[in-house]
Amino acid sequence: MLTGTGHRSRGGRTSKLSPAAWLYVAAVVAAVAVLGQALDADPDLDGPVHQAWVMAVLALLFLICDSAPTTLASRQSAWSPSSSATLAAVVLVGPVGALVVGASSLLSVRRGLDLTQRVFNASMYGLSAWAAGEAYLALGGQVGHPSHQSFPGIIGPFAVAAVVQVSLNHGLLWGMLMLVPPAEPGQPAGALQRHLPMLFFSDLGYATLGLLIAALWSVGGAFAAILVLVPLFVARWAIGQFAAQERAYAATMAALCQAVETKDCYTRGHSERVSRGSAMIAREVGMRGRRVEAIRYAGMLHDVGKLGVPTTVLQKNGALSEEEYAAIQLHPMRGLAIVREIGFLDEALAGIMHHHERMDGRGYPMGLAGDEIPEFARVIAVADAFDAMTSNRSYRGARSIEEAIADLRKWSGTQFDPALVEAFVAALRREGWEQPQPAAMPPADSMAGQDHDDPTAPLRVVQSR
Ligand SMILES: [Fe+2]
């Protein structure tokens, strides 16, 4: 199941909960507290002593899994194969017993979890396990040790119970993460959302081990729980490998951006903002899922080709020679060469390669016009120019957001795609825009040349004879 991690930022501070997040936590905890009242009334728990023994063993299995979750790429969430313990409880001891097993997460042996996070996790698990149990009963599932005659009839109610539990668990955690800001500034947002489908089906797959535990219990008793520990930890290891690969991927992106920003002092934070602006436009025009994620990465790395342009050219004050201008015009191609092997979607590569094309065909490197320009490139061009205009440059101050919008509209149709400009304006009006701090302005005498992204001050080129 998915769990919150209470991940701390590098500065050591945890994100403070907003009033909305507190309300959310309170609602989930209150729901479980109300259900907890049913403990006394549940006939399934009035049975012989072995019910308590089964619950204790399953709670221990749950705690073992929940105490060693594997951290996911977003670092604010983690995954463990604990769903099989609560689903085994659904079959063996019923909904309230499953609730108790899920709520045992309160005792999870994990560092970094504060009390709020523990109470939320325990309530989330308890609630989703109880709902799974109710769904199981509603569909005719029998509580107790499954026998030979229980199959195949038990499979349907159990499968629905697994879907209910996993859906509630993922939905409740996703809701919480939506209300909590990312712990790491600059962390690529949406990492959890991108992997939710994969984690959903993984959880469903490992949840079937719950039925296996329940079925084996009749034969091996508590040893059933011990037997499944091996496949459960193999599952944890596999998901952990995937998450580590994702983190390495994100770190590669961050390192490339850092390299570009180190080389060209103008671009501090520029890549991040172009990435954010591109995603805003993408969502506004109806892109979803992997395409939004791909354009986010493409926006982040759109100028990575600057690594292949001499620093003296990037930081040159005054007009450029034709050779120097040609070197700058080569940066989209160099960018493509650098990231080609990373495993991007083709659209993201096209976005990087063509982000300086213009609608009138006067851009570079290919001189494409109108719809010949890939959509990703047209999106990035708008976000790129907007951020360049609203950032300080040594030769001019930052334009206001309204001035920059007016400029985008002025060049709409000639330089920018009009539909994407209007989509960006609509997204800006709704979501706002955080301009870089004035302190980011480089001193006027620093080695900082003209910004090639700035449409208000195109690069000047000395014509050779
Ligand atoms: Fe560029």
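Helix 14 contributes three residues to the lining of the second largest pocket, the most of any element. Helices here are DSSP runs (H or I, at least four residues), numbered from the N terminus. This is a predicted model, where local features need pLDDT of at least 70, side-chain atom pairs count only at pLDDT 80 or more, and totals for chains, interfaces and linings use all residues. Residues are numbered from 1 along each chain as its sequence is written, and side-chain values use heavy atoms, without hydrogens and water.

The pocket's lining has 23 residues. His356, Arg358, Tyr364, Gln415 and His452 lie nearest the centre. Two elements, helix 11 (322–329) and helix 14 (375–389), give two or more residues to this lining. A pocket is an open set of points on a 1 Å grid over the protein atoms alone, where a 1.4 Å probe fits, with protein on both sides within 12 Å along at least five of seven lines; lining residues have an atom within 4 Å of a point.

Helix 14 also meets helix 16 (residues 418–431); their axes come within 10 Å and cross at roughly 55 degrees. That makes helix 14 oblique to helix 16 (neither under 35, over 145, nor 65 to 115 degrees). Contact (heavy atoms within 4.5 Å) involves Glu375, Arg378, Val379, Val382 and Phe386 of helix 14, and Leu420, Val421, Phe424 and Leu428 of helix 16.

The two residue sets divide as follows.

| Set | Nonpolar | Polar | Charged |
|---|---|---|---|
| Lining of the second largest pocket | ten residues | six residues | seven residues |
| Contact of helix 14 with helix 16 | seven residues | no residues | two residues |

Ala, Val, Leu, Ile, Met, Phe, Trp, Tyr, Cys and Pro count as nonpolar, Asp, Glu, Lys and Arg as charged, and the others, Gly among them, as polar.

Terms used
Axes are lines fitted to C-alpha atoms, for helices over the stretch in contact, and angles run from 0 to 180 degrees between N-to-C directions.
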